[in-house]
Amino acid sequence: MELDEAYANMQFIENGAEYPQRWAQAAAAFREGMMQSGQVELDLPYGEGARHRFDLYKPEGTPKGLLVFVHGGYWLFFDKSSWSHCAQGALEAGWAVAMPSYDLCPDVSIAEITHQIARMIPVAAEMIDGPIHLAGHSAGGHLVARMSVPGLLPDAVAARIKRVMPISPVSDLRPLLKTSMNEKFKMDEADARAESPVLQQPLSHIDVTVWVGAEERPAFLEQATALAEAWGCECVIDAGRHHFDVIDPLADRDGRILARLLG
């Protein structure tokens, strides 16, 4: 299809094929440590489906608030188990971190995945007091951006959301109609428009920062900057980072990305 190469990442990243195994190993090791310390509750339900589960990591002491991290994978791949290590920095900074799985295309539509995340956040919000911050990577960036738009979350939950960070997000889904992935997404023009944050506006009280790696594919740089322009928010272009390692600094409590995300 016309835009397949534009939205391909792995083949343009050195040793790109090694990253999924690297993520899974790092996540498993981190999760094991949290289980031993009693700082995680695994597979908490937010719905009836097998993938309607989230893990909740808790810091020592009373949490400062709740960070929800939503994974990517083009709504086609992965689950929460590959990303546990991304909670490390926020935990060390005193925040609880919730990480959901969700159903994947083509079993469900992207719109249904959006509504699954909207059902998950209130469940986690009942378990942790304080402000709620959202971060998501790639397709997860799309999903947390959608959570910033009026009408998806209950008013009381939406009012607690203070900061949102779409990381390397897909903010305009219309170009994906010209990729072979759409055989699984099964979107038409109306579907793509309805699920495109770039065509919407966030709730006025939410502080949004878009984050993207400077070494990413041009299509992802365009997606990130277009969302920032449409929403009138900051777009941080992270020097030296590509689509796969742009989330690595989430493990560093003193890193720039967490300083911006958690404040």
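**Exercise 1. Find which residues Leu134 is in contact with, leaving aside its neighbours within four places in sequence.**

*Solution.* Start from the cut-off: contact means heavy atoms within 4.5 Å. With neighbours within four places left out, the partners of Leu134 include Leu67, Val68, Ile121, Val144 and Met147. The list goes on with Ile161, Arg163, Val164, Met165 and Leu261.

A word on the model before we go on. It is predicted, so local features need pLDDT of at least 70 and side-chain atom pairs count only at pLDDT 80 or more, while totals for chains, interfaces and linings use all residues. Residues are numbered from 1 along each chain as its sequence is written, and side-chain values use heavy atoms, with hydrogens and water left out.

**Exercise 2. Place Leu134 in the largest nonpolar core, and say which helix gives the most to this core.**

*Solution.* First, the terms. A nonpolar core is a set of buried Ala, Val, Leu, Ile, Met, Phe, Trp, Tyr and Cys residues joined through side-chain atoms within 4.5 Å. Buried means under 20% relative accessible area, exposed over 50%, and partly exposed in between (1.4 Å probe, protein chains only).

Next, the core itself: it has 57 residues, and Leu134 is among those with the most contacts inside it, as are Leu66, Val68, Trp75, Ile121, Leu176 and Phe185. Helix α3 (residues 110–127) gives the most, with eight residues. Helices (H or I, at least four residues) and strands (E, at least two) are DSSP runs, numbered from the N terminus.

Finally, look beyond this core: a second, separate one of 31 residues includes Trp83, Val236, Ile247 and Leu261.

**Exercise 3. Check the span of α3 and pick out its buried residues.**

*Solution.* The expected span is 1.5 Å times one less than the number of residues. For the 18 residues of α3 this gives 26 Å, and the end C-alpha atoms are 27 Å apart, which agrees. Now the buried residues of α3: they include Ile110, Ile113, Ile117, Ile121 and Ala125, and also Thr114 and Gln116. A helpful reminder: an α-helix has 3.6 residues a turn, so residues three or four places apart point the same way.

**Exercise 4. Ser138 and Lys186 have positive phi without being glycine; is each buried or exposed?**

*Solution.* Take Ser138, with phi near 60 degrees. Ser138 sits in the loop between β5 (132–137) and α4 (139–147), and at 4% relative accessibility it is buried. Then Lys186, with phi of about 60 degrees, lies in the loop between α6 (182–185) and α7 (189–194). Lys186 is exposed, at 60% relative accessible area.
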